[in-house]
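Here is a friendly walk through one protein chain. Have a look at the picture first, then read on.

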Amino acid sequence: MKEVPKKIDLPITGMTCAACSAALERALKKTGGVLHASVNLPAEMASIEFGSAEDALPLTKLVDVIKGEGYGVATSRLTFAVQGMTCAACVGAVDESLKKIHGVLNVQVNLATEQATVEYIPTLAGFGDFRKTVADAGYTALRISRGFTDEEADRKAQEYATIKKHFIVSALLTAPLMILSMAMPESRMYSVIMLLLATPVQFWTGMRFHTAAFAALRHGSTNMNTLISIGTNAAYFYSVFATIAPHFFMARGLQPHVYFETSATIITLILLGRMLEDRAKGKTSEAIKKLIGLQPKTARVIRGDVERDVDLDEVVRGDVVVVRPGERIPVDGLIVDGFSTVDESMLTGESIPVEKSPGDAVYGGTINTSGGFRFRTTKVGAETILSQIISLVRQAQGSKAPIQRLADTIAGIFVPVVLIIALCTLVAWLIFAKENALPLAFMNFIAVLIIACPCALGLATPTAIMVATGRGAEKGILIRDAEALEQSHRITTVLLDKTGTITQGTPEVISMEIVSPVSGNNGFTLSQILSIAATAEKLSEHPLGKAIVRKAASEQITIADALTFEAVAGGGVIATVPSIPEDDRHVLSVLLGTIRMLRERGVGGIADLERIIATGPASGSPVCMAINNQAAGIFFCADALKPDSSAAVSRLQKLGVEVIMVTGDTARAAGEIAAAVGIQRVFSEVLPAMKVAIVRQLKSEGKIVAMVGDGINDAPSLAEADIGMAIGTGTDIAIEAADITLMHGSLLVVADTIRLSRLTMRTIRQNLFWAFFYNVVGIPLAAGLLYIWGGPLLNPMIASAAMSFSSVSVVTNSLRLKKKTLYEGD
């Protein structure tokens with residue numbers, strides 16, 4: 001039984017315009033068992049989601065549905081060696097095991113050559129799956145083809161080479177057609193020569209259009225190819241008829257004009273446009289190619305005490321990998337031997353290499369700058385941080401923005417409407433033209449068919465999304481989907497969690513105070529207070545608790561093990577600790593946390609704590625301590641600001657965004673931090689659970705709220721906000737925690753994200769405007785509107801050039817996003 005995932009991505013071939021993607025999406029949505037389907041034209045990808053894994057359709061049925069609509073599913077073929085086969089039964093075992101892999105369409109196993117050839121869908125399966133399955137069957141699979149590559153990129157490169165060849169042939173045949181049409185008077189010989197030159201263009205280089213149009217017609221749908229095929233075939237077969245039966249026209253007082261150069265030129269110009277469009281679309285996914293390029297093709301592993309270079313697909317969890325100076329680290333793992341520095345800028349944005357020693361984590365795609373080491377792999381394949389980033393970028397590039405819905409709706413009815421307009425144009429000219437009615441009606445009919453372009457509508461939004469998400473990934477901004485990117489341009493308020501966002505996230509103890517013995521602390525010394533507090537906080541995960549433990553360790557003060565420990569969310573810790581040597585009591589009951597927690601638990605000496613807080617350092621966050629329910633001391637902890645926090649807040653405010661800080665600190669400490677970075681509005685003494693209520697309050701004020709936090713502790717408020725942004729170092733954050741993940745720890749990328757979203761939406765609006773404007777103006781011109789008032793008619797060849805370059809212009813405009821400045825420092 002094949003293990004079928006709940007959601008799959010299928011690479012689609014044969015789509016040429018928005019009508020194609022809309023038709024396929026409708027067909028998939030109508031298929032039983034499919035919960036949701038989304039088809040992305042520039043990415044040439046269909047994302048299909050099932051209600052559950054049990055509801056998932058057999059892959060062959062989905063492929064049949066796609067083929068039934070006249071399109072195809074891109075597949076790859078891989079031949080690899082299979083060792084251990086000795087008879088036909090072995091062949092059968094390998095064959096059956098490979099066929100059970102989800103994503104495999106066809107398998108051929110050859111005993112004589114000891115090889116297997118597998119046809120598969122590259123987004124669903126790969127050699128790693130084949131190797132594991134063959135091994136489970138009792139044999140060994142060895143790759144004999146080249147190393148890791150983006151097979152989908154290879155396929156697109158081959159398609160580009162094919163269309164380029166077709167364009168060159170078409171252009172070489174069309175050029176003499178154009179010369180003959182202008183230089184040679186019409187005659188029977190002239191028409192025959194034109195026919196011989198035009199036929200290869202019509203039925204070889206142009207066959208892709210006719211095939212796609214016929215496939216769509218068979219299933220009751222239409223697309224851009226329908227318009228091209230009808231228009232060029234009309235011109236071609238009209239000309240053929242005029243060539244072989246000129247007397248038919250002359251008997252009716254008409255000249256038997258031929259339009260071979262028209263059909264050939266239309267096909268040639270459209271091929272040129274398609275070629276330029278494919279090349280431009282290839283540039284929209286350069287970010288993915290760069291990310292894939294960060295991954296080395298091989299790894300040096302130790303197996304049987306011998307170092308061996310193996311393909312990356314063959315590295316398994318637990319392998320010990322050897323890395324030498326200057327090499328890229330192949331996968332994620334923990335260093336077991338050696339010391340080095342590693343350039344992690346591709347993850348963290350920090351240009352300074354990070355020192356690494358045994359026990360430290362390393363990540364695939366980063367560069368070992370000096371020293372050699374060995375590490376044990378912990379994550380391989382799709383589990384690595386780099387693979388997750390690639391997957392997230394692909395997911396975002398394949399998603400649809402809400403603004404695209406209008407274009408999709410129009411694209412769905414566009415071609416039938418154009419066909420009706422073209423027929424109306426033909427009839428109107430035949431009825432109302434005073435002379436030359438037939439050729440005028442015929443040329444305008446073709447011009448309307450050819451100039452209409454649903455492609456520009458279909459490419460307007462997704463190409464901009466692809467470029468923007470790729471640009472974001474290069475900046476360390478991982479956008480979950482197109483909807484998050486679109487929503488970000490509307491952000492009016494950014495809510496910043498203080499710790500780890502505005503500040504470094506590693507507070508230190510800057511001051512300690514003992515409560516007077518009058519309050520009943522029985523004369524503990526400062527070092528004793530610190531020892532007791534560090535023992536109580538030893539198991540704490542809170543940054544302030546860790547700061548107290550670090551302070552005790554730095555002063556070489558004894559830190560024992562607590563007897564009991566309880567963390568109080570938003571409050572502090574409750575612990576019992578062994579008595580210190582100088583004290584004759586056996587167990588001490590310790591409270592450490594906010595003054596509110598101590599007050600709620602009836603601790604004595606609260607007034608003394610309040611007095612110390614009032615006179616203590618304003619920048620310090622107070623951690624109050626009680627021993628045996630009596631106030632004992634206070635630790636003031638301060639967290640240094642990130643060096644660019646103030647500049648980031650200023651940039652956000654220049655973008656017209658209100659910046660608000662939320663923190664659990666006292667109002668006095670929070671106010672000082674806020675003033676230092678230029679924030680006017682602050683929510684202080686906030687428990688974690690209260691952050692959600694604050695987000696709701698801001699939303700009730702009519703604000704579009706982005707919550708920026710660490711992606712783990714702030715998960716509820718990140719989910720509640722209109723846009724949740726998880727900010728971290730790129731290695732210790734949960735990538736799944738937010739709408740947008742900011743890999744670099746700098747707050748500046750928050751402003752970059754908003755600016756990128758605004759630029760993207762501006763580009764999408766420009767694309768949609770020109771796509772609509774082009775069709776709204778172009779179709780009436782092609783129908784002959786200007787001719788009514790004495791203006792010129794639009795030649796179908798000019799119409800084909802305009803149609804071809806309309807979609808090219810949309811893609812080119814989207815590519816301009818790659819060069820746009822996100823901020824002055826770019």
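## Rings, a sheet and a lone cysteine

F203 is partly exposed, with a relative accessible area of 30%. Keep in mind that this comes from a predicted model.

Which residue does F203 pair with? Its partner is Y236, and the two rings sit edge-to-face, 5.1 Å centre to centre with 85° between the planes. This pair ties together distant parts of the chain: F203 belongs to helix α6 (residues 188-205) and Y236 to helix α8 (residues 224-244), 33 residues apart. Y236, for its part, is buried, at 5% relative accessible area.

Another edge-to-face pair is made by F769 and W770, with 5.1 Å between the ring centres and 75° between the planes. F769 counts as partly exposed at 48% relative accessibility, whereas W770 is exposed at 51%. The cut-off explains those labels: exposed means over 50%, so W770 qualifies and F769 does not.

In total, the count comes to 16 aromatic pairs. Ring pairs also join F80, Y120, F127 and F130 into a cluster.

Here is how accessible some of the residues in this report are:

| Residue | Relative accessible area | Class |
|---|---|---|
| F203 | 30% | partly exposed |
| Y236 | 5% | buried |
| F769 | 48% | partly exposed |
| W770 | 51% | exposed |
| S621 | 4% | buried |
| C637 | 1% | buried |

Now for the sheet. How many strands form it, and in what order? There are 6 strands in an open sheet, running β20-β25-β24-β23-β22-β21, with antiparallel pairing. At the edges stand β20 (508-514) and β21 (564-568); each has a single partner strand, so one side of each is left without a neighbour in the sheet. From one strand to the next, the twist averages 20°.

Zooming in, strand β23 (residues 587-593) pairs with β24 in the antiparallel sense over 4 bridges. I627 in β24 is the bridge partner of V590.

Two helices pack on this sheet. Helix α19 (residues 526-537) touches β20, β21, β22 (572-578), β23, β24 and β25 (630-638), and its direction makes about 110° with that of β22. Helix α20 (residues 543-554) touches β20, β24 and β25, and its direction makes about 80° with that of β20.

Strand β24 (residues 621-627) is also where you'll find S621. Is S621 buried or exposed? At 4% relative accessibility, S621 counts as buried. Leaving aside neighbours within four places in sequence, S621 is in contact with K498, L544, F635, F636, C637 and D665.

One of those contacts, C637, leads to the next topic. A disulfide is a covalent bond between the sulfur atoms of two cysteines. A search of the whole structure finds 0 disulfides. C637 fits that result: the nearest cysteine sulfur, that of C624, is 11 Å away, whereas a disulfide needs the two sulfur atoms within 2.5 Å. C637 is buried too, with a relative accessible area of 1%.

Last stop: helix α15 (residues 437-451). At 1.5 Å a residue, its 15 residues should span 21 Å, and the end C-alpha atoms are 21 Å apart, which agrees. What about its surroundings? Of the 15 residues of α15, 14 are buried, so the helix is largely enclosed by the rest of the structure.

Note on methods:
Residues numbered from 1 in each chain as written. Predicted model: local features only at pLDDT ≥ 70, side-chain atom pairs only at ≥ 80, totals over all residues. Heavy atoms only, no water. Expected span 1.5 Å × (residues − 1). Buried < 20%, exposed > 50% of the residue type's maximum accessible area, 1.4 Å probe, protein only. Phe/Tyr/Trp six-rings, centres within 6.5 Å; stacked < 30°, edge-to-face > 60°. Contact = heavy atoms within 4.5 Å. Pairing = 2+ DSSP bridges. Axes fitted to C-alpha atoms, helices over the stretch in contact; angles between N-to-C directions.
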